[in-house]
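Please open the structure in your viewer and keep the selection panel at hand. We will walk through it one selection at a time.

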Amino acid sequence: MAVLNEEQTMIRDGAKSWVQEKSPVTAFRKVRDSGNPDGFDRAAWKEMAEMGWAGILIPEEFGGTGLGYLTLGLVLEETGRTLTASPLISTALTATTALLLAGSDAQKQKYLPAIAEGKLIATLAVDEGPHHHPEKIALAGSASGGKVKLNGKKTFVLDGGTADLVIVAARTSGKPGDKGGITLVLVDGKASGLSREVLKTVDSRGYANLTFKDVEGDVLGAVDQGAGVLEATLDRARIGLTAEMLGQAMQSFDITLEYLKTREQFGQKIGTFQALQHRAAKMFTDLELARSCVEGALQAIDRDANDVAQLASLAKAKVGDLVHLVSNEMVQMHGGIGMTDAHDAGLYLKRARAQEATFGGSSYHRDRYATLLGY
Amino acid sequence: MSAAASADTDLEAFRLEARKWLEENFPKSLVGKAGMMMSEDGGPANAEDYGKWKKAMGEKGWGTPTWPKQYGAGGLSTAQARVLQQEMAKIGAWNPIGGMGVMMFGPTLLEYGSEEQKKKHVPGIVKGEVWWCQGYSEPGAGSDLASLRTQCIDKGDHWLVNGQKIWTSGAQYADWCFALVRTDNTKKHEGISFLLIDMKSPGVEVRPIKLISGNSPFCETFFTDVKVPKENLMGPLNGGWTIGKRLLQFERQGLSGGIGGGGLNRGGEARTLDQVAKAYVGANDNGQVADADLRMRITNHMMDARAFMLTVQRAMSEAKGNAGPSATTSIMKNAGSRIGQERAELLVEVMGHQGLGWEGGGFTQAELDTVRGWLGGKATTIYGGSQEIQNNIIAKRILGLLDHQ
């Protein structure tokens with residue numbers, strides 16, 4: 001665990017107790033079973049915003065606290081523990097980062113205070129197929145006079161069904177695969193020509209496919225120059241997401257370890273079997289290594305280090321592998337009970353796979369890491 | 001002046017003192033040559049300047065900076081020792097006082113030895129004059145160390161020792177051996193004592209063991225009717241296991257420190273793996289390592305190595321930040337040794353047949369060193385508590401899983 005200051009410790013402890021009292025896994029289960037198409041509990045999100053979580057990245061002048069990424073990571077780690085689905089990732093982390101990196105003062109003034117108050121849900125729309133490939137963006141945009149007209153499709157947009165503001169990465173020149181020619185566009189959720197198809201996915205979070213037919217939006221940043229901001233935004237989103245994944249992996253591991261200490265077979269606690277002990281030791285080792293990647297990456301953003309991109313790919317790949325392993329072991333070590341819907345193991349398994357795919361899977365990030373290092 | 005400000009002033013005064021002394025005593029010819037002065041088999045080399053430098057540091061006591069002054073050691077505070085290290089690093093100076101006496105036996109002796117034992121043995125370690133070796137493992141007692149059988153019988157005015165130790169590192173150069181011996185056959189852990197044996201005693205025989213790497217860093221040591229003075233028992237009779245385990249903690253600290261300090265790079269190849277791969281395998285038009293499968297496996301390794309270095313940094317800042325006892329160190333030995341071995345395996349694979357030379361022409365020195373480093377590195381998951389024993393320790397002590405009944 002990174003060394004925290006007093007404020008960070010307070011926020012972490014506050015998040016820990018709020019999550020346990022107000023948002024245990026049973027709360028997520030309730031959202032899932034209610035068929036709530038939002039994919040999260042609006043009352044819980046209101047409470048989270050009241051505690052200041054929606055504005056952790058937002059500077060004080062725009063109504064937030066400006067405490068930075070490590071602090072937001074501490075909260076995400078706690079919400080990850082109980083699978084709490086909320087707009088923290090889409091809005092407080094990803095969309096907020098894009099607005100902070102590229103927004104004009106007027107745009108910041110328009111959106112950030114509303115985000116900090118929990119009144120505006122915002123998201124970033126990047127992917128256009130089953131896999132994350134920001135370099136292959138094709139959705140067409142024609143820019144003129146600060147406005148962009150959009151035509152095309154975005155897939156698996158997180159909180160895409162509920163977002164009041166969609167930040168769309170569009171191609172305004174060149175062809176898919178070109179480095180340049182990307183423009184970020186601010187689109188109102190109620191804009192004419194925008195249609196949303198809410199998706200039901202295994203992890204019961206709110207994703208939607210969005211179709212754009214002559215949808216008009218405002219340029220965020222500069223026309224054709226959005227690729228750099230997009231990449232920087234995605235890296236911060238990837239790193240923030242790994243904090244949530246780490247918390248979730250910790251919780252899966254804790255639950256599994258508890259089971260090893262209580263379940264009896266052959267007249268023994270199954271945790272006395274060395275075959276299981278060594279698998280538990282491996283998971284613990286991987287958890288410790290992964291925590292170093294997550295915290296190292298969060299701290300690198302906060303001090304504006306020049307290797308944030310490398311650390312983002314490192315963390316996303318290592319933590320992706322971690323949740324993959326730990327979620328599988330959770331089901332396997334619980335045996336039959338882990339296969340039942342009544343047990344939480346399945347919820348952790350399904351959430352893990354969705355997070356692994358979000359913002360690029362482990363193999364995408366291994367390839368990117370090698371490319372960033374020049375081989 | 002506040003107490004803190006006064007301490008700062010004192011520390012700055014010490015810095016100037018250390019700087020001046022180092023300038024006067026550290027031979028310029030030894031700048032940056034820390035590793036080269038120790039022969040590969042662990043024995044001290046005898047270059048003239050090295051001898052001078054060792055003598056100066058030994059007499060000053062700064063090779064063991066924080067040990068007590070009354071035994072000739074530095075007697076420095078931790079803060080002063082850090083300043084000394086900074087000043088040494090600035091001019092490329094390094095500590096010539098080392099070995100098992102400093103790393104493992106000395107700290108244990110200071111904790112458990114009698115006053116007479118400390119007076120007799122600490123100064124030799126401090127000066128780097130007395131070389132110690134470790135008499136722990138036996139042919140029948142490896143991971144299950146407590147099953148050791150070397151007999152130590154009370155003969156009234158002396159102990160009589162009979163038995164065989166193995167993997168005694170540097171025994172061929174050692175003056176003394178700290179050994180675990182059996183003083184009670186009816187109990188396992190509670191029948192073990194900690195004994196100090198003079199390697200020049202009649203009946204001690206040392207045979208170096210040739211390893212798969214071709215080197216002989218370890219020996220077999222035989223004890224046949226070796227007489228040991230009564231005062232060489234350290235700690236209580238049959239109380240050696242506790243002392244022996246404490247010493248192993250010092251050993252593991254030292255091992256993971258070595259790994260953290262660049263021990264991932266064994267052998268003679270200083271370049272990063274991707275650079276070596278491009279040199280031996282070539283690159284495609286995009287500048288990528290030509291073999292896609294190899295490129296991904298290299299990346300897996302480089303990510304692991306980066307994660308490990310980040311963990312070393314995290315453990316250090318946690319230790320400084322008083323964040324409470326950290327579980328991080330328990331994973332260091334297994335993670336570090338595994339990652340180091342994976343690098344060595346990949347290097348050999350990347351070099352192809354050039355990575356399989358044993359000696360002589362046709363191979364560069366870096367290639368030959370890579371091969372020896374790869375083979376020698378296999379020991380890292382065996383010594384100091386094997387990988388499996390470390391996993392047992394994590395499972396039991398950290399995770400709280402119980403023993404099988």
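How many residues of domain 2 of chain A are in contact with domain 3 of chain A? To find out, keep in mind that this is a predicted model, and colour chain A by its assigned domains: domain 1 (6-120), domain 2 (123-224) and domain 3 (228-372). The answer is 11 residues of domain 2, which meet 11 residues of domain 3. On the domain 2 side, these comprise 6 nonpolar, 3 polar and 2 charged residues. If you place a marker at each C-alpha centre, domains 2 and 3 of chain A sit 29 Å apart.

Next, show chain B alongside chain A. Here 33 residues of chain A are in contact with 36 residues of chain B. Select helix H7 (226-262), strand S9 (268-269), helix H8 (274-302), helix H9 (308-334) and helix H11 (362-372) of chain A: each gives two or more residues to the side that touches chain B. Linger on H8(A), which gives the most, with 13 residues. Colouring this side of chain A by class will show you 17 nonpolar, 10 polar and 6 charged residues.

For the last stop, keep H9(A) and add helix H10 (residues 345-357) of chain A. Their axes come within 9 Å and cross at roughly 160°. An angle over 145 degrees counts as roughly antiparallel, so that is how H9(A) and H10(A) run relative to each other. Their crossing is left-handed. Show side chains at the contact, including Gly320(A), Val323(A) and His324(A) from H9(A), and Ala345(A), Tyr348(A) and Leu349(A) from H10(A). The residues of this contact divide into 7 nonpolar, 5 polar and 1 charged.

How values were computed. Residues numbered from 1 in each chain as written. Chains lettered and ligands numbered in written order. Predicted model: local features only at pLDDT ≥ 70, side-chain atom pairs only at ≥ 80, totals over all residues. Domains from an automatic or database assignment. Contact = placed C-beta atoms within 7 Å. Nonpolar A, V, L, I, M, F, W, Y, C, P; charged D, E, K, R; others polar. Helix = DSSP H or I, 4+ residues; strand = E, 2+ residues; numbered from the N terminus. Axes fitted to C-alpha atoms, helices over the stretch in contact; angles between N-to-C directions. Parallel < 35°, antiparallel > 145°, perpendicular 65-115°, else oblique. Left-handed = near helix turned anticlockwise from the far one by under 90°.
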